[in-house]
Amino acid sequence: MIEIGSRLEPFVDDHLIERMDGLSLRLHSPVPQGTVMTLDRPWEGYLCGYPAIVPIEGGWRIYYRGWPDEKGIVYVCVADSPDGIEWMRPTLGLVEFDGSADNNIIASDETLAGVRGAHNFAPVLDTKPGVPDEERYKALTYGPDVGERLHSLSAYASADGIHWHAMNDGEPVFRAKDPKVMLDTQNVGFWDEAAGEYRLYGRNWIGPVRHIFVSRSDDFITWSEPESLDFGDAPLEHLYTNSTVPCERAPHILMAFPKRFAPYRTRLEDWPASGLSEATFMTSRDGLHWHRHLEAFIRPGLGRERWTERSYMVTRGLIATAPEEISLYWMEDYRRPAPRIVRGTVRTDGFVSVNAPHSGGELVTKPLVFAGERLVLNASTSAVGSIRVEMQDEGGRPLPGLELAKCAEMFGDEIEMPVPWPAGGGMGAWAGTPVRLRIVMSDADLYSLRFAAAEG
């Protein structure tokens, strides 16, 4: 029995589903909307990477690594946007490059404790209640010790996301005892509201395969020993980054967008490094056990030049750029003269759907305990497709007034599509007791459901 209350439940996994006949979960790739930034400034360079997005007053900020010379200094750069679509580099005057501070650099290896401190600087907005203003933004990055930098992390804090100071008196906050924990990645630390704790996701190894670990903290300073994520029956594959975020409309669910790395494949014989990469998608309801969708979320696509080893790194952070769409961003053209940040969109709640072919099918949920007086779906049908819903008791018997035959056919494409039982079918009388939903579909996609209060 699942206590669903009135929270939104996207169908990113089979958590609510008792059985499906003729239906399947379908992963939906983002629709590319074009390049939002070409990283062609002299301080950016061919090794730009590890982008992260945080909300700021009046808009959004993206952080990314500038690295024009593999043997030289690394920089932390920023760009701001009022809407997530148009991005502009601010002139900050904080860090000199080639004798001038006329740039968008906020920090460098030299200002972040030296040894590659800017290599994987990963900021977040700290949403923990009561956090001090001067620690409103937090970031994790390499620790300062040459011998430990692959196995230690330092923490930084900021009031404005531009000017940063070291936490913990500059001492590392995370030291890995296990040599299989390698922190040369974008290590994502954030406040998990649903769990009531900070979570840190970074890279470890299981045998010869790159994997992902989780660590926990109450204060962003003292972290638990890392645990390898559990992917169930999914095969071990090289996962290079993770970009983990709470789902905005359903924060009890975590979403991650690992960059899958195929190290022994190559398409370009003259490329300086072997391997191919693409983006994947996975979700979790407890932060440790994850449902991995094995199909690619973002494929390399047409053009041999796209088949290289470090592109399709999804930015940590999503933006609702319209009521009906979510924007996400990823890196392309790594190691080329001007890497790019590309924007793509998915439907709101639309990363995964329950998909019905024209021949139709149905699903039955596990017993749910809800709060509310009406049921709202985020769904899409074809012009000839349909969806109908029946509410049953825990034993599978249709409830009076909520039978399938009394639900008018639903068709269309809406983020909030009320289920049309006549006069609500008396649904509210069953709130607080275990019920099942039987959903019959044809040529349709169901993205999420939510029980809601009566209209008006």
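The following legends describe an overall view and several close-up views of a predicted model.

Residues are numbered from 1 along each chain as its sequence is written, and side-chain values use heavy atoms, with hydrogens and water left out. Because the model is predicted, local features need pLDDT of at least 70 and side-chain atom pairs count only at pLDDT 80 or more, while totals for chains, interfaces and linings use all residues.

**Figure 1. Overall view of the chain, with 0 helices and 34 strands.** Helices (H or I, at least four residues) and strands (E, at least two) are DSSP runs, numbered from the N terminus. The C-alpha trace spans about 75 × 50 × 45 Å along its principal axes. The chain has a radius of gyration of 24 Å, which agrees with the value near 23 Å for a compact globule of 456 residues; this radius is taken over C-alpha atoms, and the globule rule is 2.2 Å times the number of residues to the power 0.38. Buried residues make up 57% of the 456 residues, where buried means under 20% relative accessible area, exposed over 50%, and partly exposed in between (1.4 Å probe, protein chains only). Of the contacts (heavy atoms within 4.5 Å) with a separation of 6 or more, 62% are between residues 24 or more positions apart. About 18,500 Å² of the chain is exposed, and carbon and sulfur atoms supply 50% of this area; accessible areas come from the Shrake-Rupley method with a 1.4 Å probe, and for residues only the protein chains shown count as cover.

**Figure 2. Close-up of Arg-65, a buried residue without a salt bridge.** Arg-65 belongs to strand S7 (residues 59-66). A salt bridge requires a side-chain nitrogen of Lys or Arg within 4 Å of a carboxyl oxygen of Asp or Glu. The nearest side chain of opposite charge, that of Glu-70, is 8.5 Å from Arg-65; Lys and Arg count as positive and Asp and Glu as negative, while His and the chain ends are not counted. The side chain of Arg-65 does make a polar contact of 3.4 Å with that of His-119. A polar contact is a pair of N or O atoms within 3.5 Å; within protein, one must be able to donate a hydrogen and the other to accept it, and residues adjacent in sequence count only if both atoms are side-chain atoms. Beyond four places in sequence, the residues touched by Arg-65 include Tyr-50, Tyr-75 and Tyr-334.

**Figure 3. Close-up of Ser-217 and the loop residue Phe-220.** Ser-217 is in strand S17 (residues 209-217) and is buried, at 3% relative accessibility. A polar atom of the Ser-217 side chain lies 2.9 Å from the backbone nitrogen of Phe-220, and the Ser-217 side chain also reaches the backbone oxygen of Thr-222 at 2.8 Å. Phe-220 is in the loop between S17 and strand S18 (227-228). Phe-220 counts as buried because its relative accessibility is 1%, and its phi is positive, about 75 degrees, although Phe-220 is not a glycine.

**Figure 4. Close-up of Glu-309 and Arg-335, joined by a polar contact.** Glu-309 is in the loop between strand S24 (290-298) and strand S25 (313-314). With a relative accessible area of 1%, Glu-309 is buried. The polar contact between the side chains of Glu-309 and Arg-335 is 2.5 Å. Other residues in contact with Glu-309 include Lys-259, Phe-261, Trp-271 and Tyr-334.

**Figure 5. Close-ups of salt bridges, of which the count is 34.** Glu-9 and Arg-7 meet through their side chains at 2.6 Å, N to O. Glu-9 is buried at 0% relative accessible area, whereas Arg-7 is partly exposed at 30%. Arg-89 and Glu-44 form a salt bridge of 2.9 Å, N to O. Arg-89 lies in the loop between strand S8 (75-81) and strand S9 (105-108) and Glu-44 in the loop between strand S5 (31-38) and strand S6 (49-56), so this pair ties together parts 45 residues apart in sequence. In the salt bridge of Asp-80 with Arg-61, the closest N and O atoms are 2.8 Å apart. That pair links strand S8, which holds Asp-80, to strand S7, which holds Arg-61, 19 residues apart; both Asp-80 and Arg-61 are buried. Salt bridges also link Arg-19, Asp-21, Glu-362, Glu-390 and Arg-438 in a network.
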